[in-house]
Amino acid sequence: MLDLTALTTERRNPHTMNLDEMSPLEIAQTMNQEDEQAVLAVRKVLPEIATAITWATESLKAGGRIIYIGAGTSGRLGVLDAVECPPTFGVSPDTVVGIIAGGERAFTIAQEGVEDSPILCEEDLKKKNLSSKDIVIGLAASGRTPYVIYGLQYARSIGCKTVAIACNLHSQVGKAADLAIEPVPGPEVLTGSTRLKAGTVQKLILNMISTGSMVGIGKVYQNLMVDVQQTNEKLKVRAQNIVMDITDCTRETAAESLEAADGHVKTAIVMILNGCTSEEAAEQLQKAGGHIRQAIQSKALVS
């Protein structure tokens, strides 16, 4: 019989023993107070998160991918973060990958038992052609999910950097990875419901890793999404606004530059700021590793 009593995520919260007697406002106030513990828990593991950002950036620069693995809520959070990266940062859907135990169907309908498999995650990673260039980040609120543990072990065996995110200290998934990130937000408002504080903690950390690594590979200038994909009218206007904001040009100039740059926002920006053609701007960006700031500075140094 599996003993879960030692896990913080499974303990009863002394502040919510009368949850069923609370008014709607009391429930909201109590949950809000408890959610503060999630933010504080993440604050305690910022150095570990910074290491994960560094490793993820290195993987992307080497042509590798960020791959999240998880089951249930944890798996869904990984998939959610992954699917938001292409429209936000203009990367391929293969750059950040979310794998959930049970496959895509498990995102909307629980697939019972798949998280306990010792072989399923390895099979899923092989289907994705996992390579040593990739970084694998395992998510498990309890810290004991076999799907994630064995997946991390397989990833390490082929030379991947591995990170585990759990909400219990000294977790089994943490021991299976090169780096353990273990924020502990405390017992849930609703006992064992790790979609609450534990889910919030994992979402906060994934936001940091994906955003931080995209900054690291030049997908951000200042605090703007300079590789945003222009897939609809709203995003076309946003692209123009970004060019205008950075270069202080007119909308007409922004639109003309974007057209000359085949819609590539960074190229249009460098064209205007460096006073060059789209071809020259693209070459300068390539030499700068995709970073606008470096491309601008190198031009200034040459001048």
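**Exercise 1. Strand 3 and its partners**

Which residue in strand 4 is the bridge partner of isoleucine 135? Work this out in the predicted model, and then describe how strand 3 is placed among its neighbours.

*Solution.* Begin with the pairing of strand 3, which covers residues 135-140, and strand 4, which covers residues 161-166. These two strands run parallel and are joined by six bridges, and within this pairing isoleucine 135 has lysine 161 of strand 4 as its bridge partner.

Next, turn to strand 1, made of residues 66-70, which pairs with strand 3 in the parallel sense over five bridges. Here tyrosine 68 is the residue that stands opposite isoleucine 137 of strand 3.

Finally, follow the chain from strand 3 through helix 5, residues 146-157, to strand 4, and these three elements are found to make a right-handed β-α-β unit.

**Exercise 2. The sheet as a whole**

In what order do the five strands of the open sheet lie, and which strands are at its edges?

*Solution.* Reading across the open sheet, the five strands come in the order 2-1-3-4-5, with parallel pairing. The edges are held by strand 2 and by strand 5, residues 179-181, each of which pairs on one side only. If direction is ignored, neighbouring strands of this sheet are turned against each other by 20° on average. For the wider setting, note that the protein has twelve helices and seven strands, and that its C-alpha atoms fill a box of roughly 70 × 50 × 35 Å along the principal axes.

**Exercise 3. Covered elements**

How many residues of strand 3 and of helix 10 are buried?

*Solution.* In strand 3, six of the six residues are buried. Looking at the directions of the side chains, Ile135, Ile137 and Leu139 point one way, while Val136, Gly138 and Ala140 point the other way, and all are buried.

In helix 10, residues 265-274, the count is eight of ten, so that this helix too is mostly covered. Its buried residues include Val265, Ile269, Val270 and Met271, but Lys266 and Asn274 also belong to the buried set. Just after the helix comes glycine 275, which takes a positive phi of about 60°. As a background to both elements, buried residues make up 49% of the 303 residues in the protein.

**Exercise 4. Two residues compared with the cut-offs**

Is isoleucine 99 buried or exposed, and where is phenylalanine 107 found?

*Solution.* Isoleucine 99 is located in strand 2. The cut-off needed for this step is that a residue is buried under 20% relative accessible area, and isoleucine 99 counts as buried because its relative accessibility is 8%. Its C-alpha atom is 9.3 Å in space from that of alanine 82, and the two residues are 17 apart in sequence.

Phenylalanine 107 is found in the loop between strand 2, residues 96-100, and helix 4, residues 120-127. Its relative accessible area is 35%, and therefore phenylalanine 107 is partly exposed. As a last step, phenylalanine 107 can be placed with Leu80 and Val83, since these three residues form a nonpolar patch on the surface that has about 240 Å² of accessible area together.

Definitions and conventions:
Residues numbered from 1 in each chain as written. Predicted model: local features only at pLDDT ≥ 70, side-chain atom pairs only at ≥ 80, totals over all residues. Heavy atoms only, no water. Buried < 20%, exposed > 50% of the residue type's maximum accessible area, 1.4 Å probe, protein only. Helix = DSSP H or I, 4+ residues; strand = E, 2+ residues; numbered from the N terminus. Pairing = 2+ DSSP bridges. Right-handed = clockwise from strand over helix to strand, strands pointing away. Patch = residues over 30% accessible without salt bridge, like charges linked within 9 Å, V, L, I, M, F, W, Y side chains within 5 Å. Areas by Shrake-Rupley, 256 points an atom, 1.4 Å probe, with all protein chains shown as cover. Salt bridge = Lys/Arg side-chain N within 4 Å of Asp/Glu carboxyl O. Axes fitted to C-alpha atoms, helices over the stretch in contact; angles between N-to-C directions.
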